[in-house]
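Trainee: Could you take me closely through one part of this model, the packing of a pair of helices, and then set that part in its surroundings?

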Amino acid sequence: MSSKEVNNHKQSGNINRNNRGGISRRSVLAAWLAAPLIVPRYVLGGPGNQPPSDTLTIACVGVAGMGRNYLAGCDSERIVALCDLDHDLVNKRGVFQKYPKARRYRDYRKMFDKEADNFDALIIAVPDHNHAHLLSAGIQLGKHMYCAKPITHTIGEARRFRKALLKNPKLITLSSVQSAGTEEARSTTELLNSGAIGPVRELHIWCDHPAYPCSLTRPTEKQSPPEGMDWELWIGPAPYRPFHSVYHPENWRPWWDFGSGTVGDMACHTLHMFFKELRLGAPRTVYGYASTRNTGFFRNLPTPECQSNANMVTWEFPARGNLPPLNVYWYDGGMKPHRPPELDSRIELRNSGLLFVGEKGKLIAGYYGGNSFGSRRNDGEKSSSRGLEGGLLLPEEEFRDFEQPPKTLRRVEDHYGEWTQACKDGKETICPVHFGCEMTEMALLGAVALRTRRVLQWDAENMRVTNNSQANDFLDPPYRKGWEL
């Protein structure tokens, strides 16, 4: 597709309804390989174009769940179109009432047909398995995007969209990692960067999720979707299964066909603090363990379609430049690492957090950054709390006089405001979607390990598991017929 054809396609609103996925694979791949696509009209400036000082116009797909929080963060802008398959749920939660002037849709393809020229930015807040089709549309239509994490449902998608977005730098994007750039997160990164604990050889991450039922088997009873809900469209590119309330609303995350489990859901919320600093992204080996479900005495019930209630993942990284080998450990479902022997016995590990083990010491920080035990200093003076702004260094006696490093990293006080302003200014956000794709790949590799329950040898360059064919089936599976990209 030539640049002229891409523009004609956009101007005509010709999103093919005969293809259930809405946009053909040929057109998307051609667009990705081309020069940067359509630039939103307001970044162009000049007569007849919306200047950067004007209010951003926003459309959102998926507004009853997390989407309503994303919208609330952007409500100083102009919300022009809202799309959700379950209007009953949207009405119960008052979203339509909050934005009475926004035009309402059930089918995002119809929304793009009618509204393509009426909005500048797109919020994507749908289940993981539908992200790719909306990202494709956003790129083709030249829209800035705010996308829920994990950015994609598969590793293959993560790689393709990272490449596409890097080729389109004028599209301003942000991942839904609300803690990125906060004072707490930046303080932890700066403390890690100080080298106080020396080169890191172990990192333990524990998360207090899942927040939804897990260890489930596919239901057999029949149910009807909410009135007016197109369940076929909700399923989209995933393998078909009948409607059931065990999936909707908001219980889809543990199901591998639709979600990515807790590690996929939550890892990006913490990886951003140290992903680049520790040069993560290409482990050599990954494996996972999960709890089992029993229906009686030694009567194990496998749940291969759904994640378990408690899960552990290990990513083993080789030496990276001047950094030593590193093992990253993940725990969820109430699991935690062993307590560091240096930690005061009167202190309880929080329900979620981080433990960096370095050659010179250890650092405990909050899951979203900062010091979960309080800060030792207040306006330069010592207080009764323990640790520094970025976390607690161990052994405490050896770091008693260590100061929190100077603030050298940019802070973000308003997560959503950063995105909307960046769209107007043309500046990159602190956690753009292409960076989210990198973190998502690591998280999804953990999900693949939990699905296979095997030790996987990872060839990152060729995007291939070298010792397990089943694992490769999960890396970039085909879409359901009619939903190809």
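**A helix pair and its setting**

Mentor: The accessible surface of the protein comes to about 20,900 Å², with carbon and sulfur atoms accounting for 48% of that area, and I should say at once that we are reading a predicted model. Of the 485 residues in the protein, 58% are buried, and the chain is arranged into 16 helices and 19 strands. When contacts between residues at least 6 apart in sequence are considered, 69% of them join residues at least 24 apart.

With that background, let us turn to the pair itself. Two packed helices are described by the angle between their axes together with the distance between those axes. Here the partners are helix H8, residues 131-141, and helix H9, residues 155-166, whose axes lie 11 Å apart and make an angle of about 15 degrees. Because angles under 35 degrees count as roughly parallel, H8 and H9 are roughly parallel to each other, and their crossing is left-handed. The residues that meet are Ala132, Leu135, Ser136 and Ile139 on the side of H8, and Glu157, Phe161, Ala164 and Leu165 on the side of H9.

From this pair we can move to a single residue in another helix, His415, which lies in helix H14, residues 415-425. Its relative accessibility is 9%, and His415 therefore counts as buried, the cut-off for that term being under 20%. The side chain of His415 is joined to that of Tyr146 by a polar contact of 2.8 Å. Leaving aside residues up to four places away in sequence, His415 touches Tyr146 and also Leu174, Ser175, Ser176, Val177 and Gln178.

A loop residue, Leu323, can be read in the same careful way. Leu323 is placed in the loop between strand E11, residues 311-317, and strand E12, residues 326-331. At 19% relative accessibility, Leu323 counts as buried, because the term applies under 20%. With residues up to four places away in sequence again set aside, Leu323 touches Glu277, Leu278 and Arg279. For one of these, Arg279, the C-alpha atom is separated from that of Leu323 by 8.4 Å, although the two residues are 44 residues apart along the chain.

Technical notes
Residues are numbered from 1 along each chain as its sequence is written. This is a predicted model: local features need pLDDT of at least 70, side-chain atom pairs count only at pLDDT 80 or more; totals for chains, interfaces and linings use all residues. Side-chain values use heavy atoms; hydrogens and water are left out. Helices (H or I, at least four residues) and strands (E, at least two) are DSSP runs, numbered from the N terminus. Buried means under 20% relative accessible area, exposed over 50%, partly exposed in between (1.4 Å probe, protein chains only). Contact means heavy atoms within 4.5 Å. Accessible areas come from the Shrake-Rupley method with a 1.4 Å probe; for residues, only the protein chains shown count as cover. A polar contact is a pair of N or O atoms within 3.5 Å; within protein, one must be able to donate a hydrogen and the other to accept it, and residues adjacent in sequence count only if both atoms are side-chain atoms. Axes are lines fitted to C-alpha atoms, for helices over the stretch in contact, and angles run from 0 to 180 degrees between N-to-C directions. Angles under 35 degrees count as roughly parallel, over 145 as roughly antiparallel, 65 to 115 as roughly perpendicular and the rest as oblique. A crossing is left-handed if the near helix is turned anticlockwise from the far one by less than a right angle, and right-handed if clockwise.
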